[in-house]
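Here is a short report for a first look. Keep the model in view as you read.

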Amino acid sequence: MFVHFVTDDPTKIPAIRAMLEPQHRVATQLLGDKDARINSDGVLMVDADLRQMDRVEQLRLVLKELSSVSEKLFVVHNHVRSMIVQAYALGATAVVSRPREIVFKLAQIEAAERVKHGDLAVTFPEIAASAAVFASLFSAIRASEPINLSDAERTTAQIIKGVSQNGLAAWLDDVRRYHEGTFQHCLLVTGVAVGFALDIGFSSHDVKRLGIAATLHDIGKARIPLSILDKPDRLDPGEEEIMRRHPVIGYELLKDLPDISPEILDGVRHHHEYLDGSGYPDGLTAPEIPDLVRLLTIADIFAALIESRPYRPAMPRQKAYEILSGMGSKLERPLVKAFRNVALVA
Ligand SMILES: [Fe+2]
Ligand SMILES: [Fe+2]
């Protein structure tokens, strides 16, 4: 793939070449260099200090000439929020923070290109539509706009259709190939939960109920700072504390919606509770945790384990199921047993 690298710091050029060549062809350009030849094929990658207005102005000129480039990747070190916002304002299609993420992202773009050119079959048109709904739900919440429950219902219906028609395995593979972070997680949890409900013979009404709870389960993460949400490393105790607020935030966001049902609110607030009382936020114990929530918790843990992340390979489903089985009295054993078929076979 052709990578057009634009930077304000010449010392970054050898590093990017060392990382991407020879697999990719790299052309570099220093900001402000008027004689630079611009090639509008391939991917544009920008690594510059977007807090400096003169750099932003220079970049604007470069981007104007490259308006036909469809993939614009911005590197923002340490998740500096103002730079992330500026990157998107300049037309970024993705923001990455670490070199390994860049390699991963380029592989994703290449895969998507192959699909576009017919090298691979697109199994799930539903994935793109569902991801778009998650994106709009999250951005509505970030902008303090009202949440539209019918969006969540629509996307759940699409996921149910996708998983029932093509199977869970294909859904999981496709989601992990094309989506990242929180959206990938929500798509996976919903797919796994729906696959589970279908496998144990839930009525279509109950499949839908569990699916909507799964779609909305982490909606509170929309209010968690991106520096914590997208942090590629382990969270420190302070960050962990903030992250653990997401079930209550989600509950608060949804509780006054006119058509919201109590079991969905339960799922959103209690999907991190354990039967032995060691979960959060309310430290509930078995008698207080309804069946739907127990199912959702299993789907959530399993999906989190098999997620694909830029900085670590996806865990095999067998290994993820072993971890789930090893959680003992935290989860309902018969349900974990029933989940085996979904985890390993479906
Ligand atoms: Fe969660
Ligand atoms: Fe989750």
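Just after helix α5 comes S144, with a positive phi near 55 degrees. This is a predicted model. S144 is not a glycine, yet its phi is positive, at about 55 degrees. The residue sits in the loop between α5 and α6 (149–166). S144 has a relative accessible area of 58%, so it counts as exposed; the cut-off for that word is over 50%.

Now step back into the helix itself. Helix α5 covers residues 125–142, which is 18 residues. At 1.5 Å a residue the helix should span 26 Å, and its end C-alpha atoms are 27 Å apart, which agrees. Several residues of α5 are buried, among them E126, I127, S130 and A131. V133, F134, L137 and F138 are buried too, as are A140 and I141. An α-helix has 3.6 residues a turn, so residues three or four places apart point the same way.

Next, the metals. Which residues coordinate the iron ion (ligand 1), and which coordinate the iron ion (ligand 2)? The table gives the donors.

| Metal | Donors | Distance | Angles among the 4 donor atoms |
|---|---|---|---|
| Iron ion (ligand 1) | D218 (OD), H246 (NE2), H271 (NE2), H272 (NE2) | 2.1 to 2.2 Å | 83 to 173 degrees |
| Iron ion (ligand 2) | H185 (NE2), H217 (NE2), D218 (OD), D300 (OD) | 2.2 Å | 82 to 168 degrees |

The site of the iron ion (ligand 1) is irregular. Its donor residues are spaced D-x27-H-x24-H-H in sequence. Two of these donors, H271 and H272, are both buried.

The iron ion (ligand 2) also has an irregular arrangement, because its 4 donor atoms subtend angles of 82 to 168 degrees. Along the chain, the donors of the iron ion (ligand 2) follow the spacing H-x31-H-D-x81-D. D218 bridges the iron ion (ligand 2) and the iron ion (ligand 1), and these ions lie 3.3 Å apart. The pair H185 and D218 links distant parts of the chain, 33 residues apart. H185 belongs to helix α8 (residues 181–199), while D218 lies in the loop between α9 (204–216) and α10 (226–229). Are H185 and D218 buried or exposed? Both are buried.

Look for empty space next. Rolling a probe the size of a water molecule over the atoms shows where such space is left. In this model the count comes to 1 cavity of 30 Å³ or more. The largest cavity has a volume of about 40 Å³. Its lining includes E273, Y274 and L275, together with I289, R294, T297 and I298. K330, L331 and E332 also line the largest cavity. What kinds of residue make up the lining of the largest cavity? The residues divide into 5 nonpolar, 1 polar and 4 charged.

Two further details remain. One is a peptide bond. From Y280 to P281 the bond is cis, with omega near 5 degrees. P281 is found in the loop between α13 (262–270) and α14 (291–306).

The other is a strand residue. V75 has its place in strand β4 (residues 71–75). Its relative accessible area is 4%, so V75 is buried; that word applies under 20%. The C-alpha atoms of V75 and D47 are separated by 5.0 Å, though the two residues are 28 residues apart along the chain.

Conventions: Residues numbered from 1 in each chain as written. Chains lettered and ligands numbered in written order. Predicted model: local features only at pLDDT ≥ 70, side-chain atom pairs only at ≥ 80, totals over all residues. Heavy atoms only, no water. 1 Å grid on protein atoms, 1.4 Å probe; cavity = no way out; pocket = protein on both sides within 12 Å on 5 of 7 lines; lining within 4 Å. Points joined across faces, edges and corners; volume = space filled by probe spheres on them. Nonpolar A, V, L, I, M, F, W, Y, C, P; charged D, E, K, R; others polar. Donors = N, O, S within 2.8 Å, 3.2 Å for Na, K, Ca; no water. Tetrahedral: all angles 85-135°; square planar, octahedral: opposite > 155°, others 65-115°. Buried < 20%, exposed > 50% of the residue type's maximum accessible area, 1.4 Å probe, protein only. Helix = DSSP H or I, 4+ residues; strand = E, 2+ residues; numbered from the N terminus. Expected span 1.5 Å × (residues − 1).
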